[in-house]
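Thanks for coming. I have one structure to go through today, and I will keep to a few parts of it.

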Amino acid sequence: MKALQDLVVLDLTRVLAGPYAGMMLADMGADVIKVEARKTGDDSRAFGPFLKGESTYFMSLNRGKRSITLDLKAPEGKAILKELVKKADILLENFRGGTMQKLGLSYDVLKEVNPRLIYVSCTGFGQTGPDATDPAYDVIVQGMGGIMSITGQEGGEPTRVGASIGDITAGLFSAIGALTAVHARTLTGKGQFVDVAMLDCQLAILENAVARYLNTGVSPAPIGNRHPSITPFEAFPSKDGHIIIAVGNDNLWKKFCTLIDKLEWVDDDRFKTNPLRTEHQPELRQLLLPIFVTKTTKEWIAVLKDIGVPVGPINKVEDVVKDPSIVEREMIISVEHPVAGHLEMPGVPIKMSDTPGSVDRPAPVLGADTASILKEMLGFDDAKIEELYKNEVI
């Protein structure tokens, strides 16, 4: 059994934010039907790298889904979507603001078709405000949302986070919003509109950067790999690479000083409390640099773990996929795609004792399930489906 196996999701999204939300729902058992444009499909089908002509980008974000092609500008295409809406629990879309209204497929229209429908719209700037109809990409909202202003080395230029966190956080919040609305429907019997803005999500994840500014008036700036209020809590060069340590309280500081034979620092007026260590962080860092280069990363991890100090390496992607914890927790999985063949990708990060998620099928070839979905869900016969193909509706 899977937790969401009774839910039907119409996934009209493309590229990253919306497909990521749909992927999460599919991993947990929902029947996610990806509604794609004829001939081209999701824009990301054209993003490399490719395996035998199939996009690894697309395949990593759309696993577990079924694909139906549909011309949403054609009257009969709209009619078919509305019939599918009658059978659906959730509709996901991440078109530019105003697009679904222009198509005549807004929430106000579709809720009349299915009052229990949960309609999730994930856009750059939401349904309200001066930028509501503007397009957005990850790097745009990273810049506008403040995260680039606090990322990077001290005194350096604003830096984009390496992963597409503008898209991914919006996808996560979209999935949370969808499932929250599903639960609310069990109480009210009614669906609802879920409005997720990528920009809102960026602000929401800034955590203490926003709190610090709102309550002190000081705008945070990049500080490299260190923590703004805990010290030492940063990366240091080791003999053969880098090490990250997080000495999170004064008790750990004492243990750490004992380990490195600097017990006099425990009562040093510069370092004896965390606020003092943070105030004197540049000075402390200079004192620690020659100490950390005396051992390898592996050696430091062993001795620091032994005394309970949180510690880790800075892994490259090639390292993290081989990490024993990642391997043990099945976070690298493989699927067999009908065209691309063997494909590896990240696994399901939510581990559940009774209703675990899993990746049960690869991403679909464009339109691979069109006929079966129309037969199964709407009762169309072969003649009707052939007519729709001929008229370029599907």
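I will take a strand, then the cysteines, then a helix. Keep in mind that this is a predicted model.

Start with strand β7, residues 118–123. Six of its six residues are buried. I118, V120 and C122 point one way, while Y119, S121 and T123 point the other way. On either side of the strand's backbone direction, then, the side chains are buried. As for pairing, β7 runs parallel to β6, residues 90–93, over four bridges. Within that pair, L92 stands opposite V120. β7 also runs parallel to β8, residues 193–197, joined by five bridges. There, T123 has A197 as its bridge partner.

Now the cysteines. How many disulfides does the model have? The count is zero. Take C122, in β7. Its closest cysteine sulfur is in C201, at 6.7 Å, and that is too far for a bond, because a disulfide needs the two sulfurs within 2.5 Å. C122 is buried, at 4% relative accessible area. C257 is buried as well, at 0%.

Last, helix α12, residues 281–292. It has twelve residues and spans 16 Å from first C-alpha to last, close to the 16 Å expected. Which of its residues are buried? They are Q281, L284, L288, I291 and F292. Down the helix axis these fall within an arc of 80°, so they line one face. In general, residues three or four places apart on an α-helix point the same way, because there are 3.6 residues a turn. The buried residues of α12 pack against β9, β10, α10, α11 and α13. On the face turned away from them sit P282 and Q286, both exposed.

Definitions and conventions
Residues numbered from 1 in each chain as written. Predicted model: local features only at pLDDT ≥ 70, side-chain atom pairs only at ≥ 80, totals over all residues. Heavy atoms only, no water. Helix = DSSP H or I, 4+ residues; strand = E, 2+ residues; numbered from the N terminus. Expected span 1.5 Å × (residues − 1). Buried < 20%, exposed > 50% of the residue type's maximum accessible area, 1.4 Å probe, protein only. Arc of directions from axis to C-beta. Contact = heavy atoms within 4.5 Å. Pairing = 2+ DSSP bridges.
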